[in-house]
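Reader: Hi! Please walk me through this one.

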Amino acid sequence: MEFSNAPAPFGRNTIAILGRNSRFSAEVIRETWGHPAITKKLGLAVAFGVGSDPTFQRPVDWEAETFGDVYQLPLNDEYKVLPRKILTLLQMASSACEPVNFLVKTDDDVFVNVYALKDLIEDLKDKSHERNFWCLVWEGMPVIRTNNSKWYLSEEKYGESIYPNYCSGSAYIINSVVLDAILGLSNHTIPLVPAEDVHITGVLAQKAGVGHVQISNRYAFASTSEERIASGQTIFAHLGPGAEERVEQIWNYLVQKRKQFRNEFLGGL
């Protein structure tokens, strides 16, 4: 199955989970923060993007047929092809029958507080025509020249010693204007930087005249606070190894806190 034959769950505001391990994390996301009943009520749609791997083709086919939210590309799920994978999926979102106002790209090991995300997107309504990414912005990051590094890039492939400002690939928000601007350059002869976040939100963004709005205070990495997530201060929590178990724990805590707050509010009326 290729993405062109897939159904299109994309809505006005879409969260696209494009991490390479979506084949095993899609279920836990659908049962927690990405539950269709919850996201639909919030006016969000969730879609999963995966590459090709014959060892898990049958379950992917089943998920795509059953849920209609899985998109598979004829690309191997390898780090070096991530920019192509993400750009292809962004193109798919752009071609959806219903225009996408805002699109959130996130990795599959990131917990998303969809309630706080919905509030943020509401706040961004008036900025739907701005040429900006909203994300955790990395500034002045050096190009890695160490041969054995995963992020190694030779001077022949990228001559500058410092990357342009770019977003953390864990999660970033774009509007339709930026989506079109980035995709307009994606087929040009611009050397491909293997790091997806650098290439798309840095190199292509710079050439397209797209800026960045820093929202680093809405992210959490090593020190993930359930309280900050439940309060809505943290929207994107990068969980890393063991993410699936942590997603369920955090979701249960978030649901419990929301119920507690609602009961307290109603009790005070």
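Author: Happy to! A polar contact is a pair of N or O atoms within 3.5 Å; within protein, one must be able to donate a hydrogen and the other to accept it, and residues adjacent in sequence count only if both atoms are side-chain atoms. N175 caps the N-terminal end of α6, with a side-chain oxygen 3.2 Å from the backbone nitrogen of V177. This is a predicted model, where local features need pLDDT of at least 70 and side-chain atom pairs 80 or more, while totals for chains, interfaces and linings use all residues. Residues are numbered from 1 along each chain as its sequence is written, and side-chain values use heavy atoms, without hydrogens and water.

Reader: Which residues of α6 are buried?
Author: In α6 (residues 176-186; helices are DSSP runs of H or I, at least four residues, and strands of E, at least two, numbered from the N terminus), V178, L179, A181, I182, L183 and L185 are buried (under 20% relative accessible area, 1.4 Å probe, protein chains only).

Reader: And what covers them?
Author: The cover includes α4 (82-94), β6, β7 (166-175) and α7 (196-208), by contact (heavy atoms within 4.5 Å).

Reader: Switching to rings, how many aromatic pairs are there?
Author: The whole structure has 8, counting Phe, Tyr and Trp (six-membered ring) centres within 6.5 Å; planes under 30 degrees apart are stacked, over 60 edge-to-face, the rest tilted. Among them, F102 and W134 are edge-to-face, at 6.2 Å and 70 degrees. F102 is in strand β4 (residues 102-106) and W134 in strand β6 (residues 132-138), 32 residues apart. Both F102 and W134 are buried.

Terms used
Buried < 20%, exposed > 50% of the residue type's maximum accessible area, 1.4 Å probe, protein only.
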